[in-house]
Amino acid sequence: MAPQAVEQKKLEIQKNLRTVSTLLTQKSTPAIEAQIAKLNANTADLESDVRMLLEIESQLPNVVETQIADVKRSVNLLPEIQAQLIRNNHSTTHYTPNTDRRAAINQAFNRAWNGKMTPEQRDLVSGIDTAGGAVVPQEFFGSFVEALKFYGPIASKALLRDTSTGRSTKVPVVNDTGNGFAVAW
Amino acid sequence: MLLLGETSDSGNSVDPILFSNLANTDALVSVLDFSFQFGDDVFNLDTLLNTIAASRTGRTLEQAITNGKDFAGTVLTNAPTGGLIAAAGNGGTVATAGAVSYADAVKLFSSVDPAYRADGHFFAHQTVNDYLAAQVTTTGRPLYKTSDAGNLILVQGKELLINQAMPALTSTAGVAQVAFGRADKAIAYTLRDVRVQILEPNVQQLTKRVVFSVRFGAGILDAANAVKVLKS
């Protein structure tokens, strides 16, 4: 029985005790006897559940230790495999446990932590309808990702005059570079 | 006091040379159609259209200023023929066909009057840029340093800016490979704001049409002196 259920039983017994106390005050004998019988039944159930919980609790460390020992034995095999690879002139840096042994290790871990791991769950694959994608909602990025192709900054280096009309514009140029002062004119 | 007319000369006067260049304009357009469905579903339509308009304008201006052509390569009716590259002065010829050496870059740099070297830039196609970036010294180190902006520095701290409208690296003789100088003293251009207009829907085709348009005009300034071109 789960601890929550035990607690619930306890509350129920306390409630019955309060009822019995009330009935004693009222001196109602048949009702008292009925409540006492009910109380005795609940007490027996509760004692049974407590005994069961204590037994489970006493066995739990042994189970965990056994499973951890399994894992350790599996891990201890790795140096032996590495040594064998070295003997076969293989580089240990590329060693990967074979699939069966890795699966055994994973299985041992799972047994050791049974009941403490999250239950199995299957993630939806959004891109495959048959894998649940049919019910996965889609979203868009909030902006376009623009493909780029370079163009140079010549427009920012040349002389620009913004116009509001787009009409032709006369550009005057003065060149006085050939002239300067002389001692006489 | 003698008042002189603008076309008169006292005999001792040394007058500056005055001239002007008319930046006649061309209308440049680009069209985009989208379906009613697209218009209903798409998000940020305004941002998308503005981004497209800006990118197309930038690509087109590079061609128009550099070569006097539109993005498709068609010669603009009113722009200066050949654009900036055709108007630029002679900056020499490369020593080896299909290559641009450091000596070539110095030759080009030296051909420009020092007044135009300040604030001047080198311009070249990406392939020329990449060729120069690959040049190494005898000890295997990069020949050209880079600026904080990531551009190659060719001569005396002057950066090389990529201009995709310039010709690619080639061994064909007479093709502009690198330009150097002050572009703002060589060419002026006018631009009316880029317009993005969505026309009335075409109910037969269930589409809407977007017209991007800009008016572009360019005039040559002191291009022969302000910018020089190194040719293959």
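Contact here means heavy atoms within 4.5 Å. The structure is a predicted model, and the values below were computed from it.

Lys228(B) sits in strand E11 of chain B, which spans residues 227-231. Beyond its neighbours within four places in sequence, Lys228(B) is in contact with Ala88(B), Gly89(B), Asn90(B) and Gly91(B). Its contacts also include Leu108(B), Ser111(B) and Val112(B), together with Val178(B), Ala179(B) and Phe180(B). Lys228(B) is buried, yet it has no salt bridge. The nearest side chain of opposite charge belongs to Asp113(B), 8.1 Å away. A salt bridge requires a side-chain nitrogen within 4 Å of a carboxyl oxygen, so Asp113(B) does not provide one. What lies 2.7 Å from a polar atom of the Lys228(B) side chain? It is the backbone oxygen of Ser111(B).

Val178(B), one of the contacts of Lys228(B), has a contact list of its own. Leaving aside neighbours within four places in sequence, Val178(B) is in contact with Val100(B), Leu108(B), Phe122(B), Phe123(B) and Ala124(B). Val128(B) and Met166(B) are also in contact with Val178(B), as are Lys228(B), Val229(B) and Leu230(B). Leu108(B) thus appears in the lists of both Lys228(B) and Val178(B).

Val178(B) also belongs to the largest nonpolar core, which holds 49 residues. Which members of this core touch the most other members? They are Ile65(B), Phe122(B), Leu132(B), Leu154(B), Val178(B), Tyr189(B) and Phe216(B). A second, separate core has 9 residues, among them Leu32(B), Phe34(B), Ala53(B) and Val210(B). In soluble globular proteins, nonpolar side chains tend to be buried together.

Aromatic contacts were then examined. Over all chains, the search finds 7 aromatic pairs. One of them is formed by Phe144(A) and Phe43(B), with ring centres 5.3 Å apart and planes at 20°, so the pair is stacked. Phe144(A) lies in the loop between helix H3 (99-112) and helix H4 (154-157) of chain A. Phe43(B) lies in the loop between helix H1 (36-41) and helix H2 (45-67) of chain B, so the pair joins two chains. Both partners count as partly exposed: Phe144(A) has 42% relative accessibility, and Phe43(B) has 24%.

The rings of Tyr189(B) and Phe216(B) form a tilted pair, because their planes stand at 35° and their centres are 5.9 Å apart. This pair links distant parts of the chain. Tyr189(B) is in strand E8 (residues 187-192) and Phe216(B) in strand E10 (residues 207-220), 27 residues apart. Tyr189(B) counts as buried at 2% relative accessibility. Phe216(B) counts as buried at 0%. Both are among the residues with the most partners in the largest core. Elsewhere, Phe109(B), Phe122(B) and Phe180(B) form one aromatic cluster. Of these, Phe180(B) is in contact with Lys228(B), and Phe122(B) with Val178(B).

The two chains were also described as wholes. Chain B has 8 helices and 11 strands. Of its 232 residues, 43% are buried. Contacts between residues 24 or more positions apart make up 72% of the chain B contacts with a separation of 6 or more. Chain A has 4 helices and 2 strands. Its elements run α-α-α-α-β-β from the N terminus. Of its 185 residues, 18% count as buried. In chain A, residues 24 or more positions apart account for 45% of the contacts with a separation of 6 or more.

How values were computed. Residues are numbered from 1 along each chain as its sequence is written. Chains are lettered from A and ligands numbered from 1 in the order in which they are written. This is a predicted model: local features need pLDDT of at least 70, side-chain atom pairs count only at pLDDT 80 or more; totals for chains, interfaces and linings use all residues. Side-chain values use heavy atoms; hydrogens and water are left out. Buried means under 20% relative accessible area, exposed over 50%, partly exposed in between (1.4 Å probe, protein chains only). Lys and Arg count as positive and Asp and Glu as negative; His and the chain ends are not counted. A polar contact is a pair of N or O atoms within 3.5 Å; within protein, one must be able to donate a hydrogen and the other to accept it, and residues adjacent in sequence count only if both atoms are side-chain atoms. Rings of Phe, Tyr and Trp (its six-membered ring) pair if their centres lie within 6.5 Å; planes under 30 degrees apart count as stacked, over 60 as edge-to-face and the rest as tilted. A nonpolar core is a set of buried Ala, Val, Leu, Ile, Met, Phe, Trp, Tyr and Cys residues joined through side-chain atoms within 4.5 Å.
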